[in-house]
Amino acid sequence: MTQTGKFILGSGSPRRLELLGQLGIVPDAVRPPDIDEDPLKGELPRPYCARIAREKVEAVSADARDIILCADTTVALGRRILGKPADEAEARMFLDLLSGRRHRVITAVAVRKDDQIWERDVVSTVRMKVLSEREIASYLSTDDWRGKAGGYGIQGPAGALIPWISGSFTGIVGLPLAEAAGLLQAAGMRVWT
């Protein structure tokens, strides 16, 4: 896919791999970086998300000619960052907080080639319906909340809990395709072959 080196996806997310596949892009390697994703004290959601994507792309080892793509998705309720829930109790708490409210989903994308980094973030607004205890319990029983920012994934059963979005559906899933394609092209990768 790249003109000179390999294309490396710096993410273990199956959703990001599937979204790239919609563009016909198959990474030569998948190398999820191991970084500390804890927010800094007082850090706001959008700068946090951009910092994590940048730190991820800087942490992936690659040759100078390789192109690396990393992303981070964060759910923000006001100034509060709702990351991936540690357990079912935290996922329940997140769903209780989001019930009947609008929140933002921020996905930051970083692409690196050699020592140059291209970055972009996309902010979408999502409204979750008022959730009954039965709906929350049923959703949690699917285990779909595991590994998902805010404790839900719009592309799965939680889609039935979300009557309205404004922004990028693929960004809410985890990789805004239009923006990611633009960054990859800026780095010299042929996206539309």
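These are my notebook entries on salt bridges and on one alanine in this structure.

**Entry 1, the model.** I am working from a predicted model, and I looked up its charged pairs before turning to a single residue of helix α4. Side chains of opposite charge can pair when their charged atoms come close. I wanted to know how many salt bridges there are, and the count comes to nine.

**Entry 2, Arg51 and Glu43.** I looked up Arg51 and found its side chain in a salt bridge with that of Glu43, at 2.8 Å from N to O. Are the two partners buried or exposed? Arg51 has 12% relative accessibility and therefore counts as buried, since the cut-off for that word is under 20%. Glu43, at 15% relative accessibility, counts as buried by the reckoning that sets the limit at under 20%.

**Entry 3, Arg51 and Glu55.** I then found that the side chain of Arg51 also meets that of Glu55 in a salt bridge, with 3.0 Å between N and O. Both residues lie in helix α2, which runs over residues 45-59, and because they are four residues apart there, about one helical turn separates them. Glu55 has 29% relative accessibility, so I noted it as partly exposed.

**Entry 4, Lys56 and Asp72.** Which parts of the chain does this pair link? The side chains of Lys56 and Asp72 form a salt bridge at 3.3 Å, N to O, and the pair links distant parts of the chain, with Lys56 in helix α2 and Asp72 in strand β3 (residues 67-77), 16 residues apart. I looked up the accessibility of each partner and found that Lys56, at 8%, counts as buried, and that Asp72, at 5%, counts as buried too.

**Entry 5, the network.** Returning to the earlier pairs, I noted that salt bridges with shared partners join Glu43, Arg51 and Glu55 into one network. Arg51 is in a salt bridge with Glu43 and in one with Glu55.

**Entry 6, Ala137.** Last, I looked up Ala137, which I found in helix α4, a helix spanning residues 133-141. Its relative accessibility is 32%, so Ala137 counts as partly exposed. I also checked how Ala137 stands to Arg92, and the two are 45 residues apart in sequence, while their C-alpha atoms are 8.1 Å apart in space.

Methods
Residues numbered from 1 in each chain as written. Predicted model: local features only at pLDDT ≥ 70, side-chain atom pairs only at ≥ 80, totals over all residues. Heavy atoms only, no water. Salt bridge = Lys/Arg side-chain N within 4 Å of Asp/Glu carboxyl O. Buried < 20%, exposed > 50% of the residue type's maximum accessible area, 1.4 Å probe, protein only. Helix = DSSP H or I, 4+ residues; strand = E, 2+ residues; numbered from the N terminus.
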